[in-house]
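Trainee: I'm new to this one, and I'd like to know where the labels people use for it come from. Can we go through a few together?

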Amino acid sequence: MLARLLTLFALAAIAAVPAAQSASPATQTASTVAGSASLAPPTGLRAFLLRADEPTYNSFPRTPSFAWTPYDGAQSYDFELATSKTFDDRTMVWSTHEPSTLKVPATAIPVALPWMTGRPYALYAHVRAQTAKGATRWSAPFGFNMRWTTVAEALAPDIPGLVRWKPVDGATSYEVWFVEADKVITTTTNVADEREYYTLREGPAGTSTVQWRVRAVRKLYGGFPNAIPAVSFGPWSQTFVSTNPQFSTGPLAAVESASNVVSTGAANLVAHSLTPGFVFSGNTTATGLAGPRPLFRVYVATDSQCVNIVFTGSIVGSPAYAPRTSGPLALSGATVTTATTTSTSTTTTTTTTTASATTTASPYLNGDQTATFRADGSPVTTNEQGGDSSTSSTTGTAGSTTARAASTIPAEYTTAGPFVDLWDIGSPNGRYWWTVVPVMPTTNGYRDLEVPQDACRAGRVGQFGKASQPTTTSARSPYASGLSASGELIAAKSAKPTFYRAALIGWEPAPGAIAYEVQWSKTKSPWQPASTMSEYTAATSLLLDSLTPGAWYYRVRGIDPYVRGPFKQMSWSAAVAIKIARPKFLVESGVTVRPVK
C-alpha cells in the first residue's frame with residue numbers, strides 16, 4: 001500500500017512539471033541548461049521509410065520518419081532537423097513545438113524534403129528527452145542524404161509517337177529532353193508525345209527515330225524556415241532512341257492508352273495510376289474529311305457517347321498525345337511563350353511574343369492555342385493552357401460533401417495550373433472514354449472537323465480506368481510502428497497491431513500524389529471520421545498521437561493539384577485496423593517501472 005502511495009505521489013509530481021515549465025520560461029531555460037549538463041542523451045536515433053525495424057540507411061528518396069530508443073523517465077521529447085550539425089537558426093529545417101508535445105520516441109516530418117547531398121551528409125537530426133530533472137543532453141547527430149534511388153529507364157516496347165519511362169520513387173514531375181529538337185518539356189505523368197517531330201513537318205525523315213532523355217524532378221511541398229531549394233532534380237538518363245513506323249493515312253482509329261501499363265479497350269481494360277498518353281492511327285473522319293496536313297485533338301469524356309467532355313487535348317501532329325505542364329506548341333499566328341524555372345524558386349518566369357499570322361511558327365516553341373474551334377464553331381481551350389481550378393463538370397456543388405472536403409486542402413498543395421491530370425474514377429466499374437478528331441487550319445485559326453460525339457458514334461472510341469492509392473500494408477501487417485504495452489519500440493507484426501499511446505504509420509506513395517490526407521475512425525463501416533479536420537502531410541508517414549485507447553481504423557489518400565476543380569483528392573486506401581492500448585508500465589521518479597501483474 002505504501003509503495004502504491006509513493007508511486008501516485010511521484011506521478012502527481014511529474015504531471016505538474018510541464019505546467020510549471022511552461023508558466024515560467026526563465027525557469028524552463030535554467031532547468032534545460034542544468035539538466036543538459038548532467039543527464040545522458042537518448043540513443044539509437046535512426047531514420048526509416050515504412051517501419052521502425054528496417055535496416056539503418058543514410059540515404060532516402062523521400063522524407064523518412066525517425067525513431068530512437070525509449071528514454072526511461074522521459075515526459076516528452078524535443079526533435080530538430082537541420083542542414084548542419086550546429087543546429088543553429090540559420091540551418092534549422094524543422095523542429096517540434098516548444099514546449100514539445102511529442103510523447104513517444106518516434107516522429108514524422110510533414111514536409112517533402114528536396115533531393116540534396118552533403119559531405120558526408122546534407123541533413124542532420126538529433127533528439128533530447130524532457131524529464132522531471134530537466135532536459136537531457138542532445139543525442140549524437142544522425143546524418144543522411146536525400147537522393148533518387150534510380151535513374152529513369154525507358155519502357156518497352158516502342159509506341160508510335162510516344163515515349164515512356166519507369167516512374168522514379170520520390171519524383172513529383174519529370175523533364176523530357178528531345179535531343180534533335182533541342183527542347184525540354186515538363187509533365188506530371190510518365191509519358192510524352194513526340195509532337196515536336198510531327199507537327200508542321202512533312203515526311204518520315206524527321207520522325208523515324210527520336211532521341212530523348214528524361215530526368216526526375218522533386219518539388220518541395222510544405223513550409224521551411226530557411227532557404228532550402230524549392231525544386232531539386234535527379235540526373236539525366238542515358239540517351240534513348242525510339243523508332244516510329246511510317247505515318248499511316250486513312251480512317252482515324254483509337255488504338256490504345258498508355259502509361260506504365262497499356263489499355264486497349266473493353267477487352268483489356270486496365271486502370272492507369274497516372275494520366276496516360278493516347279495513341280491513334282489514320283488521318284480522316286468517318287466521312288473521309290482530312291486537313292491539308294495531319295493535325296489532331298484528343299477529347300476525354302465520362303460517357304460512352306463522348307458528350308460530357310472533361311479533358312481537352314492540345315493540337316498535335318503526332319499519332320499520339322500526352323498532356324504536358326509546359327504548354328502546347330505554338331501554331332501559326334500564335335502567342336509564343338518561353339518559360340524557365342530555377343532550382344531556388346517556385347516562380348516561373350515567362351516571356352511572350354506574337355508570331356506573324358503570315359508566317360509559320362517554329363514547331364519547337366510553346367504558345368497559347370487560342371484561335372481554335374470545335375466543329376460546331378464554339379471556341380475550345382486545351383487543358384494545357386491552365387484554366388480556372390474552381391470549375392469543372394464533375395465538381396460537387398456548394399454545400400455538398402465534395403465541396404466541404406475540398407475546401408480543407410492546405411493552399412500549399414494546390415497550383416494555378418495547367419490542370420492536365422484526370423480524377424480517379426472508381427475503376428473497374430467507373431471509366432473514361434476517349435476519342436480523337438482531325439483538325440484543319442482555316443483563315444482565322446484552327447477548327448475540328450468533327451464533334452467528339454460523332455467520332456464516338458462512328459466507333460472511334462477507347463476506354464480506360466484511372467485509380468491511384470497509397471499502399472499501407474505489406475502482405476502480413478501494416479506499415480506502422482509504436483511503443484508496445486511494455487514500453488519497447490516495435491514495428492507491426494500482425495494484421496491488427498497494438499501500440500501504446502500513439503502509432504507512426506507509413507505508406508508507399510500513390511503515383512501522381514504530391515501530398516496526402518489521413519483520416520481515422522472508430523468504425524470501419526460506416527466510416528465516421530473521428531475529427532472534423534483531416535491531417536495533411538507532404539511526406540509518406542504520419543504520427544497518430546491523438547487516439548484514445550481502443551480499436552481504430554485509418555485510411556490514406558493522395559492529393560493531385562493538377563486535376564481541374566477544387567476536389568484534388570485521389571482514391572482512399574483500404575482501411576487499416578490498429579489498437580491503442582493502455583500502458584502496463586508507470587513512470588516513477590524518472591525510472592520506467594513495469595509491474596509484474
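Trainee: Why is Ser 314 called buried?

Mentor: Buried means under 20% relative accessible area. Ser 314 comes out at 0%, so the label fits. Keep in mind that this is a predicted model. Ser 314 is in the loop between β22 (309-312) and β23 (320-321).

Trainee: What makes the link between Ser 314 and Arg 195 a polar contact?

Mentor: The distance has to be within 3.5 Å for a suitable pair of N or O atoms. The side chains of Ser 314 and Arg 195 are joined at 3.3 Å, so they make the cut. Beyond its close sequence neighbours, Ser 314 also contacts other residues, including Phe 296, Tyr 321, Gln 369 and Glu 384.

Trainee: How do you know that Val 437 is buried?

Mentor: Same kind of check: the limit is under 20%, and Val 437 has 0% relative accessibility, so it counts as buried. Val 437 is part of strand β28 (residues 432-442).

Trainee: Which residues is Val 437 in contact with, leaving aside neighbours within four places in sequence?

Mentor: Among them are Leu 252, Leu 295, Tyr 299, Val 451 and Pro 452. Ala 375 gives another reference point: 62 residues from Val 437 along the chain, with 9.6 Å between the two C-alpha atoms.

Trainee: And Gly 487, why does that count as buried?

Mentor: Because 10% relative accessibility is under the 20% limit. Gly 487 belongs to the loop between β31 (480-483) and β32 (489-491). From Gly 487 to Asp 72 is 415 residues in sequence, but 9.3 Å in space, C-alpha to C-alpha.

Trainee: Let's talk rings. What makes Phe 60 and Phe 144 an aromatic pair, and an edge-to-face one?

Mentor: There are 22 aromatic pairs by the rule used here. For Phe 60 and Phe 144, the ring centres are 6.0 Å apart and the planes are at 75°. Centres must lie within 6.5 Å, and planes over 60 degrees apart count as edge-to-face, so both parts of the name hold. Phe 60 sits in strand β2 (residues 59-60) and Phe 144 in strand β9 (residues 142-146), 84 residues apart.

Trainee: Are those two rings on buried or exposed residues?

Mentor: Buried: Phe 60 has a relative accessible area of 2%, and Phe 144 has 0%.

Trainee: Why is the pair of Trp 165 and Trp 212 called tilted instead?

Mentor: Stacked needs planes under 30 degrees apart and edge-to-face needs over 60, so whatever falls between is tilted. The planes of Trp 165 and Trp 212 are at 50°, with the centres 6.2 Å apart, so tilted it is. Trp 165 is in the loop between β10 (162-164) and β11, while Trp 212 is in strand β14 (residues 209-219), so the pair ties together parts 47 residues apart in sequence. Both Trp 165 and Trp 212 are buried.

Trainee: Which residues form an aromatic cluster with Phe 60 and Phe 144?

Mentor: Phe 66, Trp 68, Tyr 77, Phe 79, Trp 94 and Phe 142.

Trainee: What makes Arg 147 a charge over the ring of Trp 148?

Mentor: The distance part of the rule asks for within 6 Å of the ring centre. Arg 147 lies over the face of Trp 148 at 4.7 Å from that centre. Lys 522 lies over the face of Trp 552 at 4.6 Å.

Trainee: How do you know that β11 and β12 pair?

Mentor: Pairing takes at least two bridges. Strand β11 (residues 173-178) and β12 are joined by 5 bridges, and they run antiparallel. One of the partnerships is Trp 177 with Val 184. The two strands form a hairpin with 4 residues between them, and Asp 182 in the turn has a positive phi of about 50°.

Trainee: And what makes β1 and β6 edge strands?

Mentor: They belong to an open sheet of 3 strands in the order β1-β3-β6, paired antiparallel. β1 (46-48) and β6 (106-108) each pair on one side only. The twist averages 25° from one strand to the next.

Methods. Residues are numbered from 1 along each chain as its sequence is written. This is a predicted model: local features need pLDDT of at least 70, side-chain atom pairs count only at pLDDT 80 or more; totals for chains, interfaces and linings use all residues. Side-chain values use heavy atoms; hydrogens and water are left out. Buried means under 20% relative accessible area, exposed over 50%, partly exposed in between (1.4 Å probe, protein chains only). Contact means heavy atoms within 4.5 Å. A polar contact is a pair of N or O atoms within 3.5 Å; within protein, one must be able to donate a hydrogen and the other to accept it, and residues adjacent in sequence count only if both atoms are side-chain atoms. Axes are lines fitted to C-alpha atoms, for helices over the stretch in contact, and angles run from 0 to 180 degrees between N-to-C directions. A charge sits over a ring if NZ of Lys or CZ of Arg is within 6 Å of the ring centre and within 35 degrees of the ring normal.
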